[in-house]
Amino acid sequence: MHYFTPKRCASSNKIMYHDKAQAQRAADESFRERGIELWVYRCELCGTWHLTSRDPDSAYRYVPLNQQIRPHSRKKGYKPRRR
């Protein structure tokens, strides 16, 4: 019997799917067989489709403190204090 060995992404080591429909079928099959809900996303590094267990709509994105957007005053002539 021949077993299929899927190609894996070099950066994330996740299974690579060539199109979104193929990845969605794999996610649906996983839900039917194991009851695990998976989401489909396109990898920015390799350009293929992967599955993730994190919901992309409720994903928390880490923003470093020095890059956070701070509110600024709209008063004319206001200059923020230097620290």
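Is K20 buried, partly exposed or exposed? In this predicted model, K20 is partly exposed, with a relative accessible area of 47%; that value lies between the 20% and 50% limits that separate buried from exposed residues. The residue belongs to helix α1, which spans residues 20–34. Beyond its neighbours within four places in sequence, K20 makes contact with V40 and W49. Its C-alpha is 8.0 Å from that of Y41, although K20 and Y41 are separated by 21 residues in sequence.

The protein chain as a whole contains one helix and two strands, arranged along the sequence in the pattern α-β-β. Of its 83 residues, 17% are buried. The accessible surface amounts to about 8400 Å², and carbon and sulfur atoms contribute 50% of this area. Among contacts with a separation of 6 or more, 38% link residues that are 24 or more positions apart.

The two strands run antiparallel and are joined by four bridges, with β1 covering residues 39–42 and β2 covering residues 49–52. One of the pairings places V40 opposite L51, its bridge partner in β2. Together the strands form a hairpin with six residues between them. Within the turn, G47 has a positive phi of about 85 degrees. In a regular strand, side chains alternate between the two faces of the sheet. Strand β2 shows W49 and L51 pointing one way and H50 and T52 the other way. These four residues are all buried.

The loop between β1 and β2 also holds T48. This residue is described as buried because its relative accessible area is 12%, and the cut-off for burial is under 20%. When neighbours within four places in sequence are set aside, T48 is in contact with M16, Y17, Y41, R42 and C43.

Open space in the model was also examined. The second largest pocket encloses about 410 Å³ of space. Its lining consists of 17 residues, of which F4, P6, I15, M16 and Y17 are the closest to the pocket centre. Helix α1 supplies the largest share of this lining, with six residues. By residue class, the lining of the second largest pocket comprises eight nonpolar, five polar and four charged residues. Two of the residues closest to the pocket centre, M16 and Y17, are also contacts of T48 in the loop between the strands.

Methods:
Residues numbered from 1 in each chain as written. Predicted model: local features only at pLDDT ≥ 70, side-chain atom pairs only at ≥ 80, totals over all residues. Heavy atoms only, no water. 1 Å grid on protein atoms, 1.4 Å probe; cavity = no way out; pocket = protein on both sides within 12 Å on 5 of 7 lines; lining within 4 Å. Points joined across faces, edges and corners; volume = space filled by probe spheres on them. Nonpolar A, V, L, I, M, F, W, Y, C, P; charged D, E, K, R; others polar. Buried < 20%, exposed > 50% of the residue type's maximum accessible area, 1.4 Å probe, protein only. Pairing = 2+ DSSP bridges. Contact = heavy atoms within 4.5 Å. Areas by Shrake-Rupley, 256 points an atom, 1.4 Å probe, with all protein chains shown as cover.
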